[in-house]
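Please work through the exercises below with the sequence and the structure at hand. Attempt each task before reading its solution.

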Amino acid sequence: MSVRVQFFKYGLCMVLYFFICVILIKTRSCNVKEAISMTTTIRYQPRKLSFPTSNRIIKKKNVELEINLLRMDELKGGTIDLQKSANLLQQVSNVCAKYRLKTPLIKRHFLYNMEHKSLYCWIRKAASTSFTKLFSDMSNRQVDHDLYKEVDFLSPENLEDLQRFVNNNTVFKLLVVRHPFQRLVSSYRDRIEDNSKYTAQSWLYARQILHLSRPDLFRLNATFNGNILQRIFLPDKRLKVIPSFKEFLEWLLKQPPNHDDVHWAQYHTHCAVCDVRYNFILKVDEYTFGEVNYVLTKLRLNKDKIYLPKLQRTRTGVTNFDTTCKYFHNLTTDVVLRLYERYKVDFEMYNYKLDKYLHCAKSKKLTLRQKSKH
């Protein structure tokens with residue numbers, strides 16, 4: 001009997017030992033799998049981006065998809081500053097919410113290429129000629145002149161198609177901007193001041209500008225000969241009397257912004273930035289060659305075979321900060337501040353600064369208290 005009891009106890013111990021071993025093996029296996037999973041998660045965990053927040057923001061446009069696409073491009077070796085690009089996209093969304101902006105689509109302001117699955121909103125005097133030429137070449141049109149007319153061939157056929165492209169996440173949507181004041185000076189130099197050529201802007205607006213600033217030109221007397229057109233324009237419609245930059249701005253600040261010419265219209269109204277989820281925003285006054293190469297890659301072009309003309313350069317030369325500052329030299333700070341208010345949304349959306357342009361305005365406007373002292 002004692003032998004049987006001992007045998008039973010021995011067998012029970014063996015069974016318990018077997019179950020304990022099985023439990024330990026499973027536990028270790030789970031721990032190993034968990035450790036591998038944790039290692040994989042840590043290795044491929046995307047870096048989190050931080051964005052400035054504002055208590056005044058009511059509702060933000062969801063830009064997470066665009067930011068995720070930027071992150072994927074960076075992981076693939078895209079030569080862009082991910083944080084900078086993501087912050088800019090978020091800033092645009094924040095400003096749209098802050099001012100509750102609605103920006104309707106205008107078909108003619110967009111260029112689309114089906115083969116390259118790319119959509120671009122042109123902004124005059126912000127490298128629009130270079131990118132219009134690029135989209136023209138992408139469509140095998142090879143046009144070197146009358147690029148303004150290319151818009152009619154390269155824009156979507158109708159508004160419904162444009163809306164469909166805007167909502168398509170596989171279409172690369174590009175926006176190109178520059179400092180609003182530099183663009184304004186560039187527009188004036190090219191479309192008003194440069195009288196070596198006829199421009200629609202000088203023909204349409206010079207009479208209005210001069211009527212405001214030089215009314216004597218429009219009085220019928222012996223001082224001036226001929227009708228008003230002959231006094232202001234040459235026979236080939238080029239300007240004979242050129243309004244100054246100051247005169248141009250005094251006229252512009254009296255005009256309703258919603259009727260602005262496309263050469264000085266506000267960015268957010270021209271390119272529907274609050275209703276289009278752009279994938280990338282290129283600032284031509286701050287761009288890097290890496291960003292340009294990145295854009296060419298997203299346009300599905302071989303950057304080694306594509307030549308993009310030097311941005312910002314026109315016949316009258318580059319309009320940079322130094323050039324802009326010279327034109328602002330004869331302005332009062334009051335005019336500069338009023339000009340800022342007109343383009344305030346564009347300044348805020350793309351993080352452009354006002355301060356150094358205020359310093360360019362040497363002539364200060366006297367306050368009523370200062371005038372009384374004089």
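The exercises that follow concern a predicted model.

**Exercise 1. The protein as a whole**

Task: State how many helices and strands the protein has, and what share of its residues counts as buried.

Solution. Step 1: The protein contains 17 helices and four strands. Step 2: Of its 374 residues, 44% count as buried. Step 3: The accessible surface comes to about 21,800 Å², and carbon and sulfur atoms account for 56% of that surface. Step 4: Turn to contacts between residues at least 6 apart in sequence; 76% of these join residues at least 24 apart.

**Exercise 2. The sheet**

Task: Determine the order of the strands in the sheet, and decide which strands lie at its edges.

Solution. Step 1: The four strands form an open sheet in the order 1-2-3-4, and their pairing is mixed. Step 2: Strand 1 and strand 4 (280-283) are the edge strands, since each pairs on one side only. Step 3: On average, neighbouring strands of this sheet are turned by 20° against each other, direction ignored.

Step 4: Go through the pairs in turn. Strand 1 (residues 110-113) and strand 2 (residues 118-121) run antiparallel and are joined by four bridges. Within this pair, Y120 of strand 2 is the bridge partner of L111. Strand 2 and strand 3 (residues 172-177) run parallel, again with four bridges, and here S118 stands opposite F172. Strand 3 and strand 4 also pair in the parallel sense, over four bridges; V176 stands opposite L282 in strand 4.

Step 5: Examine the connection between strand 1 and strand 2. These two strands form a hairpin with four residues between them, and K117 in the turn has a positive phi of about 45°.

**Exercise 3. What covers the strands**

Task: Establish which residues lie on each face of strand 1 and of strand 3, and which helices pack on the sheet.

Solution. Step 1: In strand 1, F110 and Y112 lie on one side, L111 and N113 on the other, and all of them are buried. Step 2: In strand 3, six of six residues are buried. F172, L174 and V176 form one side, while K173, L175 and V177 form the other.

Step 3: Helix 4 (residues 128-138) lies across strand 1, strand 2, strand 3 and strand 4, at about 155° to strand 2. Helix 6 (residues 159-167) also packs on the sheet; it touches strand 1, strand 2 and strand 3, and its direction makes about 110° with that of strand 2.

**Exercise 4. Two helices in contact**

Task: Classify the arrangement of helix 7 and helix 13, and describe the residues at their contact.

Solution. Step 1: Helix 7 (residues 180-193) and helix 13 (residues 321-328) pack at an angle of about 75°, with their axes 9 Å apart. Step 2: Angles of 65 to 115 degrees count as roughly perpendicular. Step 3: The two helices, helix 7 and helix 13, are therefore roughly perpendicular to each other.

Step 4: On the side of helix 7, the contact involves F181, Q182, V185, Y188, R189 and E193; on the side of helix 13, it involves F321, T323, T324, Y327 and F328. Step 5: These contact residues divide into six nonpolar, three polar and two charged.

**Exercise 5. An enclosed helix**

Task: Is helix 10 largely enclosed or largely open?

Solution. Step 1: Helix 10 spans residues 245-252, and six of its eight residues are buried, so it is largely enclosed by the rest of the structure. Step 2: The buried residues are F245, E247, F248, L249, W251 and L252. Step 3: They pack against helix 7, helix 8 (200-213), helix 13 and helix 14 (333-342).

**Exercise 6. Two residues far apart in the chain**

Task: Compare the exposure of Q91 and N351, and state how far apart their C-alpha atoms are.

Solution. Step 1: Locate both residues. Q91 lies in helix 3 (residues 82-98), whereas N351 is in the loop between helix 15 (344-349) and helix 16 (355-360).

Step 2: Apply the cut-off: buried means under 20% relative accessible area. Q91, with a relative accessible area of 17%, is buried. N351, at 38% relative accessibility, counts as partly exposed.

Step 3: Q91 and N351 are 260 residues apart along the chain, yet their C-alpha atoms are separated by 8.1 Å. Q91 touches E348, M349 and N351, not counting residues up to four places away in sequence.

Step 4: Consider the backbone. N351 has a positive phi of about 55° although it is not a glycine. R300, also not a glycine, has a positive phi of about 65°; R300 is found in the loop between helix 12 (289-298) and helix 13.

Terms used:
Residues are numbered from 1 along each chain as its sequence is written. This is a predicted model: local features need pLDDT of at least 70, side-chain atom pairs count only at pLDDT 80 or more; totals for chains, interfaces and linings use all residues. Side-chain values use heavy atoms; hydrogens and water are left out. Buried means under 20% relative accessible area, exposed over 50%, partly exposed in between (1.4 Å probe, protein chains only). Two strands pair if DSSP finds at least two bridges between them. Axes are lines fitted to C-alpha atoms, for helices over the stretch in contact, and angles run from 0 to 180 degrees between N-to-C directions. Contact means heavy atoms within 4.5 Å. Accessible areas come from the Shrake-Rupley method with a 1.4 Å probe; for residues, only the protein chains shown count as cover. Angles under 35 degrees count as roughly parallel, over 145 as roughly antiparallel, 65 to 115 as roughly perpendicular and the rest as oblique. Ala, Val, Leu, Ile, Met, Phe, Trp, Tyr, Cys and Pro count as nonpolar, Asp, Glu, Lys and Arg as charged, and the others, Gly among them, as polar.
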